[in-house]
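Q: Please take a close look at one part of this model and describe how that part is set among its surroundings. A connected account is preferred to a list.

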Amino acid sequence: MYQTHKTYITPDMKMSGLIIENPKLLLLLEHFEVDFAVSDKSIKQLCSENKIDLPVFLVFGNLYNGFFPDKQEINALKDISTIIRFLKNSHRFYKHDKYPELNQFLKQLHEKHKTEDIQLIEKFFNDYFEEVLEHLDYEESVVFPYICRLIESGKNNANNNFSANEYRDHHTDIETKLADLKNLLLKHISLKNDFALRRKFLFSLFELEYDLNVHSLIEDKILLPLVGKIETGQLNG
């Protein structure tokens, strides 16, 4: 039977059992560039072998399992470079995995159902993902370089173009539009005799939503507060 219970992850737990309980932890491993063949290794062993900061891995893993870190756990994180690397890898997943996959499903739907409804979904999706890609480019060209400079210098750069409020607002907009896209497919658009293809498209959307939500939480609730502490001299990069 499929398990819906999710465990709070601790260093001595075996990664294989946690993946069986929540397969979405495979995304966590992929973003950390860890081989899925984890044998009977514990979280602590995996982090040591792959040179991953253990506190960062635990906080992120528990986010994937639905547990948000408390203020003390967030403040204990020191390795911001590992956080940035994880986020960059997740960008590659969105751009080079999820987008092509979803786009291919849409093309198949369009070939089978040349209707105004499918054209609407296609336009909505393309507009949505154009906004996602724009945001990812903003992070890679402005936000991450700014944070890397901050880590190196230990103080704020007065000439940066980074706005924390703009950053958060864009995340909210992206999440809202993804929910709208799902609702269109679930509530308003019927595709008779093509349940399998629509199911695959929706499953892929749900996976994207799941990972994007974790991604946004990491940036808004973990990374930005840590960056703020560097800016005010409370944390060394």
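**A covered helix and its surroundings**

A: Helix 4, which spans residues 54-64, is mostly covered, with nine of its 11 residues buried; this description rests on a predicted model. The buried residues are Val-56, Phe-57, Leu-58, Val-59, Phe-60, Gly-61, Asn-62, Leu-63 and Tyr-64. The cover over these buried residues includes helix 1 (15-21), helix 2 (25-31) and helix 3 (43-49), together with helix 5 (71-75), helix 6 (80-112) and helix 9 (195-231). At the N-terminal end of helix 4, Asp-53 acts as a cap, with a side-chain oxygen placed 3.2 Å from the backbone nitrogen of Val-56. Just after the helix, Gly-66 adopts a positive phi of about 90°.

Two of the covering elements, helix 6 and helix 9, are among those named above, and their own contacts can be followed further. In helix 9 lies His-215, which counts as buried because its relative accessibility is 3%, under the 20% cut-off. The side chain of His-215 is joined to that of Ser-90 by a polar contact of 2.9 Å. Beyond its neighbours within four places in sequence, His-215 is in contact with Leu-87, Ser-90, His-91, Tyr-94 and Glu-139.

Helix 6 also takes part in salt bridges, of which the structure holds nine. In one of them, the side chains of Arg-85 and Glu-33 meet at 3.6 Å, N to O; Arg-85 belongs to helix 6 and Glu-33 to the loop between helix 2 and helix 3, so this pair ties together parts that are 52 residues apart in sequence. Both partners are partly exposed, Arg-85 with a relative accessible area of 28% and Glu-33 at 47% relative accessibility. Glu-33 forms a salt bridge with Arg-92 as well, the closest N and O atoms being 3.9 Å apart, and this pair links the loop between helix 2 and helix 3 to Arg-92 in helix 6, 59 residues apart. Arg-92 is itself partly exposed, at 44% relative accessibility.

A salt bridge also joins the side chains of Glu-140 and Lys-95, at 3.2 Å from N to O. Here Glu-140 lies in helix 7 (residues 116-153) and Lys-95 in helix 6, so the pair ties together parts 45 residues apart in sequence. Glu-140 is partly exposed, with a relative accessible area of 29%. Through shared partners, salt bridges join Glu-33, Arg-85 and Arg-92 into one network.

How values were computed
Residues numbered from 1 in each chain as written. Predicted model: local features only at pLDDT ≥ 70, side-chain atom pairs only at ≥ 80, totals over all residues. Heavy atoms only, no water. Buried < 20%, exposed > 50% of the residue type's maximum accessible area, 1.4 Å probe, protein only. Helix = DSSP H or I, 4+ residues; strand = E, 2+ residues; numbered from the N terminus. Contact = heavy atoms within 4.5 Å. Polar contact = N/O pair within 3.5 Å; in protein donor to acceptor, adjacent residues only side chain to side chain. Salt bridge = Lys/Arg side-chain N within 4 Å of Asp/Glu carboxyl O.
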